[in-house]
Amino acid sequence: MLPNGWKKVKVGDVVKMSSGGTPSKDNASFWNGDIPWISALEMHKNFVEEAKLNITEDALKKGSSLAKKNDLLLLTRGSMLWKRIPVCLCLRDVAFNQDVKCLHANEKLNSTFLLYWFGCMEPKIMHMVVGTGIGAGKLESSGILDLDVNLPPLEEQKKIAATLSVWDSAIEKMEKLIEAKENSFNNLLKELIYSPAKKECWDIVKLGDVSEMSSGGTPKSSIEKYYNGDVLWVSIADMTEQGMYIKDTAKKLTKLGIENSAAKIYPKGTVLYAMYASIGEVSIAEKEMASSQAILGIQVSDKLVNKYLYYFLVGQKERIKLQGQAGTQSNLNAGMVKNLDIPVPSIKEQNKIIAVLDNGMDELSLLKQQLENYKKQKQGLMQKLLTGQWRVK
C-alpha cells in the first residue's frame, strides 16, 4: 500500500520530454557562444552547468533545443549506459545534443525529487538498455515515460530532496578532499623519486637492465578444460578493482590451459603492468598467478624493490598514457617499458621512500572507503524515503 497522500503515476504523466540536437559544425556563427551545449562528456555528475562546447543564440533559433534551469537531462545513447544511467539537474539554461533527452517537470513534481528517484531506480533502468556492442547502448525514451513513480505531495517531495541533498553535499566535499589528497600524493612522489634524480643524486638506468619481463597469454575460450582450474589468471579488470595487491582473480586457468597458451605463471611479488586498454595500471601479485597478454609481468633484480617500482610506475601513469596514444592505438609493448628511465637509489633509500608513500596511500584508502560508505548510506536512505517507509516532516 502507498503511504497516505501518495499517488502512483507514470513518469510521462508528470514530465514533458524533448530531444536535443547538434548545430551545423560548418556554421561558425553557431559556436563559441554563451550557452553550454551538453553531451555525454558533461553527464558524469548529478548537476550540470558547464560544457566543453558552447553554442550561440543563432543556433537556438535554427532549432537547437534548450533545457531550462531545474530541468533534468537524461542520457539515452552511448557506451556510458552499460555502466550507469546518467541523469543531471540543470543549474542554468543549457542546450543539449541528440543523445540526451530533457525532462521538464510539471507543477506536481519536484525535479530534484525525480533526480533521486532515477538514482533509486537505476538497477531496473539498466535492464532497459539495449544494443549489440559497447558503443551502441540505447535507452528507449518511451520505456522511461511508462515507468511507475510513487509520488508524495509536493511539499514532502521537496523535504525528501533537501534531506538527500545533505548527503550529496557530504559526498561532494569528500570527493574534493580525495582529489586534493591525490594531488598532494603525486607531488610527494615527485619530491621523493624524481627530484633527487634530476639533481643527479642517484643513478638512472633503463628498467630493462634491473628487471626481467614477460607478457601473458589467453588459452582458447572455446576449450572448457583450459578454464575453471586452480591457477589465478589476472585481467586488467582485476587490477582496476583490487588496486595495489592482487589476491584473487575472477577467472582461473587449469595447468592444461597454461601448457596450451602463451600464459606463464609469475612468482609472488611480480609487478603487473597493463599494456593495453587501461595502459599504465599497475599492481603487485600477492600469490603466484598468470595473466592475459594485455599485462606485462615484471620481476625486479636485487637492485630494485618491487614496491618502489610500483610507486615509480604509478607516478609515470599520465606520461605513459600519452606515450601509448602517440601511435595508431593506445597500447604499449615490452620494448617501450624496458626502455623506461628509472632512478635507482640504494635499497635502504628505496625502503624509506616506500614507508613514506605507504602512509600517504593508507590515508587515501581510508578517505575512499569513507566515500563509499557515504554513498551506500545515501543509497539506503533513498530506498527508505522514496518508498515512503520513512517519512519526513
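Biologist: What percentage of the 393 residues of the protein count as buried?

Modeller: This is a predicted model. A residue counts as buried when its relative accessible area is under 20%. Of the 393 residues here, the share that meets this rule is 45%.

Biologist: How many helices and strands does the protein have?

Modeller: The C-alpha trace spans about 70 × 50 × 45 Å along its principal axes. Within it, the protein has 11 helices and 21 strands.

Biologist: Where does pLDDT stay under 50?

Modeller: The protein averages a pLDDT of 92. A score of at least 70 is reached by 96% of the residues. One stretch stays under 50, and the model has 2 contacts for it beyond four places in sequence. That stretch is residues 325-329.

Biologist: Among contacts between residues at least 6 apart in sequence, what percentage join residues at least 24 apart?

Modeller: Contact here means heavy atoms within 4.5 Å. Take the contacts between residues at least 6 apart in sequence. Those joining residues at least 24 apart make up 74%.

Biologist: Why is helix α8 described as largely enclosed by the rest of the structure?

Modeller: Helix α8 covers residues 306-315. Its buried residues include Tyr308, Leu309, Phe312 and Val314. Lys307 is also one of the buried residues. The helix is largely enclosed because the buried count is 8 of the 10 residues.

Biologist: Which strands stand at the edges of the open sheet β5-β3-β9-β6?

Modeller: This sheet has 4 strands, and the pairing is mixed. An edge strand here has a single partner strand, so one side of it is left without a neighbour in the sheet. The strands in that position are β5 (53-55) and β6 (66-67).

Biologist: Which residue of β9 is the bridge partner of Ala67?

Modeller: β6 pairs with β9 (residues 94-96) over 2 bridges. The sense of this pairing is antiparallel. In β9, the bridge partner of Ala67 is Val94.

Biologist: Which residues cover the two faces of strand β18, and are they buried or exposed?

Modeller: Strand β18 runs over residues 282-285. Val282 and Ile284 lie on one side. Ser283 and Ala285 lie on the other. Both faces are covered, and these residues are all buried.

Biologist: Does β18 run parallel or antiparallel to β15, and which to β17?

Modeller: Start with β15, which is joined to β18 by 2 bridges. There, Ile246 stands opposite Ala285. β17 (residues 271-274) is joined to β18 by 3 bridges, and Val271 stands opposite Ile284. The β15 pair runs parallel, and the β17 pair runs antiparallel.

Biologist: How many disulfides does the count come to?

Modeller: A disulfide needs two cysteine sulfur atoms within 2.5 Å. For Cys88, the nearest cysteine sulfur is that of Cys90, 7.7 Å away. For Cys120, the nearest is that of Cys88, 18 Å away. The count comes to 0.

Biologist: What is the relative accessible area of Cys88, and what is that of Cys120?

Modeller: Buried means under 20% relative accessible area. Both cysteines fall in that class. Cys88 has 0%, and Cys120 has 13%.

Biologist: Which backbone oxygen does the side chain of Thr254 reach?

Modeller: Thr254 is found in the loop between β16 and α7 (255-259). Thr254 is buried, with a relative accessible area of 16%. Beyond its neighbours within four places in sequence, Thr254 is in contact with residues including Tyr226, Asn228 and Val231. At 2.7 Å, its side chain reaches the backbone oxygen of Lys225.

Biologist: Is Ala250 buried or exposed?

Modeller: Ala250 lies in the loop between β15 (245-246) and β16 (251-253). Its C-alpha atom is separated by 7.0 Å from that of Asp238, 12 residues apart along the chain. Exposed means over 50% relative accessible area. Ala250 has 69%, so Ala250 is exposed.

Biologist: Is Leu332 buried or exposed?

Modeller: Leu332 is found in the loop between α9 (317-325) and α10 (334-338). Leu332 and Thr249 are 23 Å apart in space, C-alpha to C-alpha. In sequence they are 83 residues apart. At 4% relative accessibility, Leu332 counts as buried.

Methods:
Residues are numbered from 1 along each chain as its sequence is written. This is a predicted model: local features need pLDDT of at least 70, side-chain atom pairs count only at pLDDT 80 or more; totals for chains, interfaces and linings use all residues. Side-chain values use heavy atoms; hydrogens and water are left out. Buried means under 20% relative accessible area, exposed over 50%, partly exposed in between (1.4 Å probe, protein chains only). Two strands pair if DSSP finds at least two bridges between them. A polar contact is a pair of N or O atoms within 3.5 Å; within protein, one must be able to donate a hydrogen and the other to accept it, and residues adjacent in sequence count only if both atoms are side-chain atoms. pLDDT is the predictor's confidence in each residue, from 0 to 100.
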